[in-house]
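The following exchange sets computed values against the definitions behind them. Please consult the sequence and structure shown here.

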Amino acid sequence: MKLSEIKNHLISLETIAFKLPNGALVPSHFHVTEVGKITKDFIDCGGKVRSEAVINFQLWEENDYDHRLHPEKLLQIIELSEKMFKFDDLEIEVEYQGKETIGKYNLDFDGTNFLLASKITACLALEDCGIPKPLIKVANAVSSCCEPSSGCC
């Protein structure tokens with residue numbers, strides 16, 4: 001989800017809820033403690049120089065049950081951040097404390113809740129690493145008579 005999309009969703013919401021990949025909701029007394037831009041400059045294993053940037057939200061919960069973050073307040077925080085840092089309309093990454101370490105998630109929306117979607121790692125230079133690209137199976141493909149399992153060879 002891009003920054004413009006969350007702003008559009010927040011306008012129509014009365015409450016904010018974030019749902020983890022396992023279906024559990026982040027406790028309703030969470031705070032968004034940071035809104036910022038993270039830029040990562042790196043070289044992949046194939047030697048290609050790359051740069052990535054995301055807008056980062058950090059969710060935090062504590063035993064502060066008397067304060068709830070309302071949609072209009074989060075929208076104000078986002079707009080202040082945009083004004084201060086001149087954000088582009090980038091994808092949002094959300095950090096949230098797991099049992100052992102901070103998890104990083106992509107963000108989606110199901111019409112009611114913001115969904116913290118799992119992120120995965122991947123090799124960005126498969127062709128340079130010698131790792132074969134995954135084969136794509138075509139559904140209902142007609143087999144050739146020359147396939148090893150066809151019995152014609």
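**Surface patch, core and strand pairing**

Q: What makes L80, M84 and F85 a nonpolar patch on the surface?
A: Patch members need over 30% relative accessible area and no salt bridge (a side-chain nitrogen of Lys or Arg within 4 Å of a carboxyl oxygen of Asp or Glu), and nonpolar side chains are joined within 5 Å. L80, M84 and F85 form such a patch, with about 350 Å² of accessible area together (Shrake-Rupley method, 1.4 Å probe). The model is predicted: local features need pLDDT of at least 70 and side-chain atom pairs 80 or more, while totals for chains, interfaces and linings use all residues. Residues are numbered from 1 along each chain, and side-chain values use heavy atoms, without hydrogens or water.

Q: Why is M84 called exposed?
A: Exposed means over 50% relative accessible area, buried under 20%, and partly exposed in between. M84 has 56% relative accessibility, so M84 counts as exposed. Its place is in helix α2 (a DSSP run of H or I, at least four residues; strands are E runs of at least two).

Q: What makes the largest nonpolar core a core?
A: A nonpolar core is a set of buried Ala, Val, Leu, Ile, Met, Phe, Trp, Tyr and Cys residues joined through side-chain atoms within 4.5 Å. The largest has 29 residues, and I6, F57, F114 and L116 have the most contacts inside it.

Q: How do you know that β5 and β6 pair?
A: Pairing requires at least two DSSP bridges. Five bridges join β5 to β6, which run antiparallel, and L107 stands opposite L116 in β6.

Terms used: Buried < 20%, exposed > 50% of the residue type's maximum accessible area, 1.4 Å probe, protein only. Patch = residues over 30% accessible without salt bridge, like charges linked within 9 Å, V, L, I, M, F, W, Y side chains within 5 Å.
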